[in-house]
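Colleague: Could you take me through one part of this chain at close range, the last strand and the residues around it, and then place that part within the whole? I would like a connected account that I can follow with the structure open beside me.

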Amino acid sequence: MVTDPIADYLTRLRNANSAGHRVVEIPASNLKTEMTKILFDQGYILSYKVIEGAVQGTIKIALKYNKLTKEPVIKKLQRVSTPGLRKYVGAVDLPRVLNGLGVAIVSTSHGVMTSKQAQQEKVGGEVLCYVY
């Protein structure tokens, strides 16, 4: 049993990236699907597909690599808010990752979004992770 599904999601992506895999399969949930959509929209992954299963379903994610150097596009995935220590921020205190080059994924009352989108909508929430 996984006690922190978001950390498990990030760890599976990180391990597949470092091993050079093209595709990784992750157990699906609504939150993980929304996080995957954000990674796709921001250009960190090539594509994804949600496969409905009998119980839970899976998310197939095609990872993205640099064509010349074969290095992964995702350099670091860092979990911020954990089950033991939640990290909430207001709309004015939303984090900037690598001075705007990275993405902070935030769970707000308006849904899961990047910190830039949350700042535009003037909502705060729980900072889930940093991606760069």
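Modeller: What follows starts with the chain as a whole, goes on to the last strand and its surroundings, and ends with some residues elsewhere for contrast.

Please keep in mind throughout that this is a predicted model. The chain contains 3 helices and 8 strands, and, read from the N terminus, the order of these elements is α-β-α-β-β-β-β-β-β-α-β. With a radius of gyration of 15 Å, close to the 14 Å that the globule rule gives for 132 residues, the chain is as compact as a globular protein of that length. Its C-alpha atoms fill a box of roughly 40 × 40 × 25 Å along the principal axes, and 40% of the 132 residues count as buried. Among contacts with a separation of 6 or more, 61% are made by residues 24 or more positions apart, a figure worth remembering when we come to the partners of individual residues.

The strand you asked about is E8, which covers residues 125-131, and two of its residues can be followed in detail. Valine 131 belongs to this strand and, since its relative accessibility is 1% and buried means under 20%, it counts as buried. Once neighbours within four places in sequence are set aside, valine 131 is in contact with Leu39, Tyr44, Ile74, Lys76, Leu77, Val97, Gly102, Val103 and Ile105. A separate pair of positions shows how the fold brings distant parts of the sequence together: glutamine 42 is 89 residues away from valine 131 in sequence, while their C-alpha atoms are 10.0 Å apart in space.

Glutamate 126 is also part of E8, and despite its charged side chain it counts as buried, at 12% relative accessibility. The side chain of glutamate 126 is joined to that of arginine 86 by a polar contact of 3.0 Å. Beyond residues up to four places away in sequence, glutamate 126 touches Ser81, Arg86, Lys87, Tyr88, Ile105, Val106 and Ser107. Ile105 thus appears among the contacts of glutamate 126 and also among those of valine 131.

That shared partner leads to strand E6, which spans residues 103-108. Threonine 108 lies in this strand and is buried, with a relative accessible area of 12%. The side chain of threonine 108 has two polar partners in the backbone: one of its polar atoms lies 3.1 Å from the backbone nitrogen of histidine 110, and the side chain also reaches the backbone oxygen of glycine 111 at 2.7 Å. Apart from residues up to four places away in sequence, threonine 108 touches Met113, Ala118, Val123, Gly124 and Gly125.

Two loop residues that lead into these strands deserve a look for their backbone angles. Lysine 122, in the loop between helix H3 (115-121) and E8, has a phi near 60°, a positive value in a residue other than glycine; this lysine is exposed, with a relative accessible area of 68%. Leucine 98 sits in the loop between strand E5 (88-89) and E6, and its phi, near 50°, is likewise positive in a residue other than glycine. Leucine 98 is partly exposed, at a relative accessible area of 48%.

For contrast, consider two lysines elsewhere in the chain. Lysine 49, in strand E2 (residues 45-51), counts as exposed at 55% relative accessibility, and it touches Thr58, Ile59 and Lys60 when residues up to four places away are not counted. Valine 92 is 43 residues from lysine 49 in sequence, and the two C-alpha atoms are 34 Å apart. Lysine 75, in the loop between strand E3 (58-63) and strand E4 (77-79), is exposed too, at 56%, and its side chain makes a polar contact of 3.2 Å with the side chain of glutamate 71. From lysine 75 to leucine 31 the separation is 44 residues in sequence and 22 Å in space, C-alpha to C-alpha.

As for the surface as a whole, the chain exposes about 7800 Å², of which carbon and sulfur atoms supply 52%. The chain carries 18 positive and 10 negative charges, and the mean positions of the two sets are 7 Å apart.

Note on methods:
Residues numbered from 1 in each chain as written. Predicted model: local features only at pLDDT ≥ 70, side-chain atom pairs only at ≥ 80, totals over all residues. Heavy atoms only, no water. Helix = DSSP H or I, 4+ residues; strand = E, 2+ residues; numbered from the N terminus. Rg over C-alpha atoms; globule rule 2.2 N^0.38 Å. Buried < 20%, exposed > 50% of the residue type's maximum accessible area, 1.4 Å probe, protein only. Contact = heavy atoms within 4.5 Å. Areas by Shrake-Rupley, 256 points an atom, 1.4 Å probe, with all protein chains shown as cover. Charge placed at Lys NZ, Arg CZ, Asp CG, Glu CD. Polar contact = N/O pair within 3.5 Å; in protein donor to acceptor, adjacent residues only side chain to side chain.
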